[in-house]
Amino acid sequence: MPHHKTALRLVAPVAVLALALTACGGGGDQADAKSPDTEKAKVFPSPEPSSGGELGTGESATGKVAEDPGEVTYEVVAQKVDLGTEAEAAKAVSEPDKVKGKVLAVAHVKYTHKSGPALTDGSDVHDGTTVFADGQRGTVLIGASEDATGCEDPYDVESWKQGESHVFCETYVIPAKAKSVEVHWSEEDGEPYVWTFPNA
């Protein structure tokens, strides 16, 4: 299966950053404590910095996940996407007619436990991962990743301590002629981090 490398796209994060700076407004460092802007800021505090954005090859995201027994901070990086053939997609499903013109896309994502309690009964960090093709979300194929080379089953990880890493995979069905494949990962209610793998 081909291994596609990520292309770095800088346009989106620059635009998002510019909007964030515009929303914050300008002004001097010494604001009048009784000025309308200051009073408004007390009532409507500035939102916390949002997560998400485009990432390049090998770049990692950091995010928090509510686990049992507590919140864990992870470093996340999409390593690669392996694309299959239409014939492999047809064999992998019970109704081959539904995947005509489509292929399997297996996203390999590495998660590193950075801080928080050790896990003793699986992890939910992979729940925030999805695969898109040409901007459209693919169709998840449940249970297909366990046999992929280099992939671990998240439910088999019974002990996960700070500093340890695991590679979990997500398998999606996407159009065979897609020009690019994106791996998205996000914290709960957060904006996604996006790694783009050209399909050329």
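User: How many disulfides does a search of the whole structure find?

Analyst: The search finds one disulfide. Please keep in mind that this is a predicted model.

User: What makes Cys151 and Cys169 a disulfide?

Analyst: Their sulfur atoms are 2.0 Å apart, and the cut-off for a disulfide is within 2.5 Å. The pair therefore meets the definition. In general terms, such a link is a covalent bond between the sulfur atoms of two cysteines. The angle about the S-S bond is -80 degrees, and the link of Cys151 and Cys169 is left-handed.

User: Which parts does the pair tie together?

Analyst: Cys151 sits in the loop between strand 7 (139–140) and strand 8 (165–175), while Cys169 is in strand 8, so the link ties together parts that are 18 residues apart in sequence.

User: How do you know whether Cys151 and Cys169 are buried or exposed?

Analyst: Buried means under 20% relative accessible area. Cys151 has 13%, so Cys151 is buried. Cys169 has 8%, so Cys169 is buried as well. Of the 200 residues of the protein, 38% count as buried.

User: And Asp68: buried or exposed?

Analyst: Exposed takes over 50% relative accessible area, and Asp68 is at 63%, so Asp68 counts as exposed. Asp68 lies in the loop between strand 2 (61–66) and strand 3 (71–83). Its C-alpha is 8.7 Å from that of Pro117, and these two are 49 residues apart in sequence.

User: Why are strand 1 and strand 6 called edge strands?

Analyst: Five strands form an open sheet in the order 1-10-9-5-6, with mixed pairing. Strand 1 (53–55) and strand 6 (136–137) are its edge strands: each pairs on one side only.

User: What makes strand 5 and strand 6 a pair?

Analyst: A pair needs at least two bridges. Two bridges join strand 5 (residues 129–133) to strand 6, so the requirement is met. The two strands run antiparallel, and Ala133 stands opposite Gln136 in strand 6. As a rule, strands of a sheet pair through backbone hydrogen bonds, either parallel or antiparallel.

User: Where do these strands fit in the whole protein, and how many helices and strands are there?

Analyst: The protein has three helices and 10 strands. From the N terminus on, the elements run α-α-β-β-β-α-β-β-β-β-β-β-β. Among contacts between residues at least 6 apart in sequence, 73% join residues at least 24 apart.

User: What is the exposed area of the protein?

Analyst: The protein exposes about 12200 Å², and carbon and sulfur atoms supply 53% of it.

Definitions and conventions. Residues are numbered from 1 along each chain as its sequence is written. This is a predicted model: local features need pLDDT of at least 70, side-chain atom pairs count only at pLDDT 80 or more; totals for chains, interfaces and linings use all residues. Side-chain values use heavy atoms; hydrogens and water are left out. Helices (H or I, at least four residues) and strands (E, at least two) are DSSP runs, numbered from the N terminus. Buried means under 20% relative accessible area, exposed over 50%, partly exposed in between (1.4 Å probe, protein chains only). Contact means heavy atoms within 4.5 Å. Accessible areas come from the Shrake-Rupley method with a 1.4 Å probe; for residues, only the protein chains shown count as cover.
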